[in-house]
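Visitor: Got a minute to go through the charged pairs in this one with me? I'd like to start with how open the side chains are.
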Amino acid sequence: GLEAWRWLFLIEGAPSCLCCIAAFFLYPDFPETVGWLSQEERVLAVERIKGVASLGHAKITWVEAKDTLLDLRIYLHYATCIAFSCGFSSISYFAPSIVAGLGFQGLAAQLFTVPPYAIAFIVTVFVAWQSDKRGMRSWGAFCCLTIAGVSFIVQGEPLYISPSRSH
């Protein structure tokens with residue numbers, strides 16, 4: 001008795017909700033407390049993440065909280081995330097309408113939204129592979145975000161076509 005779009009949300013959302021409940025009960029908080037590792041494996045896990053991740057022993061202080069909140073990099077990070085999320089979401093939502101505006105209808109309009117994402121997938125895998133291989137992950141992200149930013153500016157700029165002059 002539900003509309004199709006409601007079933008879509010239920011079917012797509014149910015596995016995520018079930019997985020998060022399972023993860024809450026099955027995943028350990030820290031390597032020291034997990035029951036399914038041997039003592040040797042626990043020591044190895046703790047040594048691997050030492051200096052990279054929290055082991056659950058340290059407590060946050062007000063000085064650390066203030067330093068974090070006053071760090072400009074965190075605000076630049078959030079501004080970047082907001083900036084590319086808005087553009088990415090806009091493209092996702094409006095691509096079928098844009099393609100329909102080109103004269104395609106129904107299934108054809110939906111299918112013509114696939115090639116940009118297929119190409120983006122290939123480019124993303126290639127850039128990630130090269131960035132990781134060369135140890136230059138920040139440059140890979142910087143270049144991709146710069147290209148995306150310039151593309152959105154160009155896309156948003158109205159095209160000026162000069163009127164034809166009659167002689």
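Visitor: Is E3 buried, exposed or partly exposed?

Guide: Keep in mind that this is a predicted model. E3 has a relative accessibility of 39%, so it counts as partly exposed.

Visitor: And which residue does E3 pair with?

Guide: R6. The two form a salt bridge, and their closest N and O atoms are 2.9 Å apart. R6 is partly exposed as well, at 38% relative accessible area.

Visitor: Why would side chains like that pair at all?

Guide: Opposite charges can pair up when the charged atoms of the side chains come close.

Visitor: OK, zooming out: how many salt bridges are there?

Guide: The count comes to three. One of them joins D71 and R73, with 2.9 Å between the closest N and O atoms.

Visitor: Is R73 buried or exposed?

Guide: Exposed, because its relative accessibility is 63% and the cut-off is over 50%. Its partner D71 is partly exposed, with 25% relative accessible area.

Visitor: Switching to D132, what does that one bind to?

Guide: D132 forms a salt bridge with R137, and there the closest N and O atoms lie 2.4 Å apart.

Visitor: Where do those two stand on accessibility, then?

Guide: D132 sits at 44%, which means partly exposed. R137 has a relative accessible area of 53%, so it is classed as exposed.

Technical notes
Residues numbered from 1 in each chain as written. Predicted model: local features only at pLDDT ≥ 70, side-chain atom pairs only at ≥ 80, totals over all residues. Heavy atoms only, no water. Salt bridge = Lys/Arg side-chain N within 4 Å of Asp/Glu carboxyl O. Buried < 20%, exposed > 50% of the residue type's maximum accessible area, 1.4 Å probe, protein only.
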